[in-house]
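Could you walk me through this model in my viewer, one selection at a time? I would like to know what to click on next and what I will find there.

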Amino acid sequence: MKLRLEENISQKELEVLVKYAVMDEEVERLISLIRAADIRVKCKYDGQEKYVNASDIYYIESVDKKTFVYGEKEVYQTDFRLHELEEMLQNAGFTRISKSCVLNIHILDTIKPLINSRLEATLQNGERVFVTRKYLGSIKEVLQKGI
């Protein structure tokens with residue numbers, strides 16, 4: 001892969017051009033990462049409003065009708081519903097892993113099978129989340145794509 005950067009002071013907004021011969025898994029993964037860099041989620045942290053980049057989100061969980069956004073060490077709360085965030089982030093490498101959790105596949109470190117047809121996903125910060133039986137197909141599909 002060749003990376004070419006060009007500075008242009010008359011450029012109004014950031015532009016990313018990806019040239020490829022064939023749309024393969026590597027290109028799809030790159031596109032997913034670029035999309036994640038451009039999405040920010042409005043959250044609350046210590047009583048203040050904060051915008052969190054999608055690429056900094058490890059997973060999103062809904063608990064007692066509240067939605068929490070988990071970063072490497074921080075936990076934010078957001079007014080978005082889980083299904084809204086799932087839809088907003090689906091092209092940025094996020095996938096549903098349980099009824100109450102959406103995972104950033106780019107943060108996944110290891111995955112291992114458990115009894116009862118479940119999977120344990122360990123994230124880059126060492127935290128573990130579980131993939132339920134119902135969502136095995138979706139995560140396997142995402143992992144096979146290599147996104």
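Here is a short tour with three stops through this predicted model.

**Stop 1: a surface patch**

Select Leu14, Val16 and Ile34 and show their side chains: together they make a nonpolar surface patch of about 300 Å². Now pick out Leu14, which sits in the segment before helix 1 (25-37). Is Leu14 buried or exposed? Its relative accessibility is 79%, and because exposed means over 50%, Leu14 counts as exposed.

**Stop 2: a hairpin**

Next, select residues 40-45, which are strand 1, and residues 48-53, which are strand 2. The two run antiparallel and are joined by six bridges. To see one pairing, click on Tyr45 and then on Gln48, its bridge partner in strand 2. Together strand 1 and strand 2 form a hairpin, with two residues between them. While you are at the turn, look at Asp46, whose phi is positive, about 55°.

**Stop 3: an open sheet**

Move on to strands 8, 9 and 10, which form an open sheet in the order 8-9-10 with antiparallel pairing. Which strands stand at the edges? They are strand 8 (108-114) and strand 10 (128-131); each has a single partner strand, so one side of each has no neighbour in the sheet. Turn the view to follow the twist, which averages 25° from one strand to the next.

Finish by selecting strand 8 with strand 9 (residues 118-123): six bridges join this antiparallel pair. Within it, Ile111 stands opposite Ala121 of strand 9.

Conventions: Residues are numbered from 1 along each chain as its sequence is written. This is a predicted model: local features need pLDDT of at least 70, side-chain atom pairs count only at pLDDT 80 or more; totals for chains, interfaces and linings use all residues. Side-chain values use heavy atoms; hydrogens and water are left out. Patches are made of residues with over 30% relative accessible area and no salt bridge: like charges are joined within 9 Å, nonpolar side chains (Val, Leu, Ile, Met, Phe, Trp, Tyr) within 5 Å. Accessible areas come from the Shrake-Rupley method with a 1.4 Å probe; for residues, only the protein chains shown count as cover. A salt bridge is a side-chain nitrogen of Lys or Arg within 4 Å of a carboxyl oxygen of Asp or Glu. Helices (H or I, at least four residues) and strands (E, at least two) are DSSP runs, numbered from the N terminus. Buried means under 20% relative accessible area, exposed over 50%, partly exposed in between (1.4 Å probe, protein chains only). Two strands pair if DSSP finds at least two bridges between them. Axes are lines fitted to C-alpha atoms, for helices over the stretch in contact, and angles run from 0 to 180 degrees between N-to-C directions.
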